[in-house]
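Please look through the sequence and the structure shown here before reading on. The report that follows takes up a pair of packed helices, a nonpolar core and a few points of backbone geometry.

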Amino acid sequence: MKMIRFVFPLCVVLLLSCQKNETVTEPKDYAAFVNPFIGTSKMGHVFPGAMAPFGMVQLSPQTNFVPMFHPDGSYNAQTYEYCAGYQYADSIILGFAHTNFSGTGHSDLGDFLVMPTTGKLILDPLHNEDGSKGFYSTFSKESEHASPGYYQVELQDYDIQAEMTSTERVGFHRYHFPESEEAHIILDLVYNVYHHDDKNVWTFIRVENDTLVTGYRQTHGWARTRTVYFALSFSKPFKSYGHRKYDRETYKGFYRRFNQEENFPEMAGRNLRAYFNFDTDAGEAVMIKMAISGVSTQGALNNLKTEIPHWDFDRVHHETRQKWNRELSKIEAETLTDDQKVVFYTALYHSFLSPVVFEDVDGSYRGLDQNIYASDGFTNYTIFSLWDTYRALHPLFNLVQPTRNNDMIKSMLAHYDQSVHNMLPVWSHYANENWCMIGYHASSVIADALVKNPGGFDRKHALEAAVSTANVPYFDGLGYYLQYGYVPDDKSHSSVSKTLELAYNDWCIAQIAAVNGDTKTETEFLQRSMNFRHVYDSVSGFMRPRLSDGRFRDDFDPLDTYGQGFIEGNAWNYGLYVPHQTEKMVDMMGGPEWLSAHLDQLFSMELDDKYIEKHEDITRDGIIGSYVHGNEPGHHIPYLYNWSDKPHKTQERVRMIMETMYGASVDGQCGNDDAGQMSAWYIFSSLGFYPVNPGSPDYSIGSPLVKKAVVHLENGKKLTINTENQSAENVYLAEVLWNGKPVHGWVLSHHDLAQGGELLFKMSLAPAD
């Protein structure tokens, strides 16, 4: 695995720190252990750019412009590589966009691409119409540096040194130009991640004066109706400006009276690229601030004036780094190696990239119904990749970010209130439901928060929302599930996965009902939660697609990940998904001895390429034997040995996965980070426990990778995790102690850990007797 550099000019930090009042305590510089390039190669789908924790702006380089479809209308598989707009192997940069997903397996965003250039004005990114070079620039990896809240690169074709930093709602650029009478800053509003010909619905730009530009763009992509506004401020007046429109207009109205392409202060159309011209001296810094809003250009302008009312780039850089240090310091980790510390803090960093704040500084935000609301008693968030993140990311937030997680749940409840379907979010972003994946996992997030801490949200409202969501008959096979007690394979795709996930979601709703004291609803949903039994075939020994006439489907291969009733998985992996009734699943399938033998076979037998070739989300990089760690449905599987006759194998497998599936290099992630889920798995597992069943207060014990960790809880208490005899070889547990008392079994309670104390793992070279 290729190692890369990530550095930060510490002299700037030290200088600015010295300028601070000596009574202010600066947090330890945990950001120094973060490598934002981890996962930027292959299928990690993360970006290296500048971002504040949970910030609405993700200011990052874009290294290719790959249309989603070929000219014949067929899907262009290469677009999948650019879910975050960036691939480490690339050697060109098209510009710097202000919105990017982190680690997703489908994509959108890429808003407001900015690119500085010199020389003859060129307005096409890759190639001009005559085939000549576009406005992209080559760059060297030696000139590219990234750290939390900062990105730097030299644009070689233009001799421009580019630097980025960010607050929550404002991207801050600093470009050091050479001497030139032909210096340009291009604002590309054609560019999109997952671009297609119909994606840009409308774009509008106003040149307010010679240093301020405002506008918006509406797109039709993964989010069907998404509108983002901006306010763009220049540190230096531009001498002229203009734009090129890439539309074929059939009607211009009386705007045809004007030469709109040059120095005309309004620009409108579906596809626009604007430019702003400057004279620059050698080494002169031209800075720009780009604020965004989901509400209005006035909202964007207010965000800009509030968050960065000055032009001190280094100050913003330092302040954002300190924001990251405050977040990263929630867990102080000591590791066996330097690389492990980099992996740990980069995983924690990736866990704090999303969901993102989605409201202006005055609390206004665009709702699901496209109306404007004011958040009342909470901060509104968006980007809820819930099929992924309910498993470990939101449970991690319940441990180290409970206030944010409560705000995220309040955001989900606001989504429900604004939904014409009367549903909680499934997979939502930017005031849109995109309906990706299966299940209604907001119920899991809510249940997990309720059973682990009281929460600051309305429990009764949450129950109402969860029950309503679970009874929408036209939602993705749910009507059939309610009718048959399972999703029939001849009625709806991914039928087994849906049945298993819906049964688990129903159990979560029962927990919400229990907290509310609603025994009738609790009983109803506990009964529904047993529906997993209806897709278990005792003859084959697997969860198996069942038809509406009650028969199991004849054509069935438990190894195949395509067309076998499972989404992004197969019966060997996904068929073990009954987290809420693991003991019943094990008894039903053959008992503890059967389970250990089954898991051993899963981890050892080879999965042929033919079984994964039709899935872009499942790659060889994330597979051990036939176990798929590179995708979410199997993340609980290594911990299932705790329900077998050989629980020590959980310890063995978990340590092996942490050492082989994660690393301190650009290809140090074995699959999509999926909005932080892959990273959250690593954080929990490094600490020695994992939430196999979100919605329960129990954690399943694994094998810690850290030597020591101190988790600073929001209630002011400390959870200290210590190890004895920790080493790369000593992966087994001789004993586990909580506050000096032995822990019997393989379960830890969140309620105990949340009160603070010492969790001691005594490590051993061999399994305990």
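## Two packed helices

Helix H6 (residues 393-400) and helix H17 (residues 677-687) pack at an angle of about 50 degrees, and their axes are 8 Å apart. Axes here are lines fitted to C-alpha atoms, for helices over the stretch in contact, and angles run from 0 to 180 degrees between N-to-C directions. Helices (H or I, at least four residues) and strands (E, at least two) are DSSP runs, numbered from the N terminus.

This is a predicted model, in which local features need pLDDT of at least 70 and side-chain atom pairs count only at pLDDT 80 or more, while totals for chains, interfaces and linings use all residues. Residues are numbered from 1 along each chain as its sequence is written, and side-chain values use heavy atoms, with hydrogens and water left out.

H6 and H17 are therefore oblique to each other, given that angles under 35 degrees count as roughly parallel, over 145 as roughly antiparallel, 65 to 115 as roughly perpendicular and the rest as oblique. On the H6 side, Leu393, Pro395, Leu396 and Leu399 meet Gln677, Ala680, Ile683 and Phe684 of H17, where contact means heavy atoms within 4.5 Å. The residues of this contact of H6 with H17 divide into seven nonpolar, one polar and no charged.

## The nonpolar core

The largest nonpolar core has 204 residues, and Phe96, Tyr175, Leu187, Phe276, Met543 and Phe689 are those with the most contacts inside it. Helix H11 (residues 495-515) gives the largest share of this core, 11 residues. Such a core is a set of buried Ala, Val, Leu, Ile, Met, Phe, Trp, Tyr and Cys residues joined through side-chain atoms within 4.5 Å, and buried means under 20% relative accessible area, exposed over 50% and partly exposed in between (1.4 Å probe, protein chains only). Not counting residues up to four places away in sequence, Phe689 touches several residues, including Leu399, Tyr639, Phe684 and Leu759.

## Backbone details in loops

Two residues other than glycine have a positive phi, as the table sets out.

| Residue | Phi | Loop between |
|---|---|---|
| Phe112 | near 60 degrees | strand S3 (95-97) and strand S4 (113-118) |
| Ala431 | near 60 degrees | strand S24 (427-428) and helix H8 (442-452) |

Phe112 counts as buried because its relative accessibility is 0%, and Ala431 counts as buried at 9% relative accessibility. The peptide bond from Ser354 to Pro355 is cis, with omega near 0 degrees, and Pro355 lies in the loop between helix H4 (338-351) and strand S19 (356-357).

Definitions and conventions:
Ala, Val, Leu, Ile, Met, Phe, Trp, Tyr, Cys and Pro count as nonpolar, Asp, Glu, Lys and Arg as charged, and the others, Gly among them, as polar.
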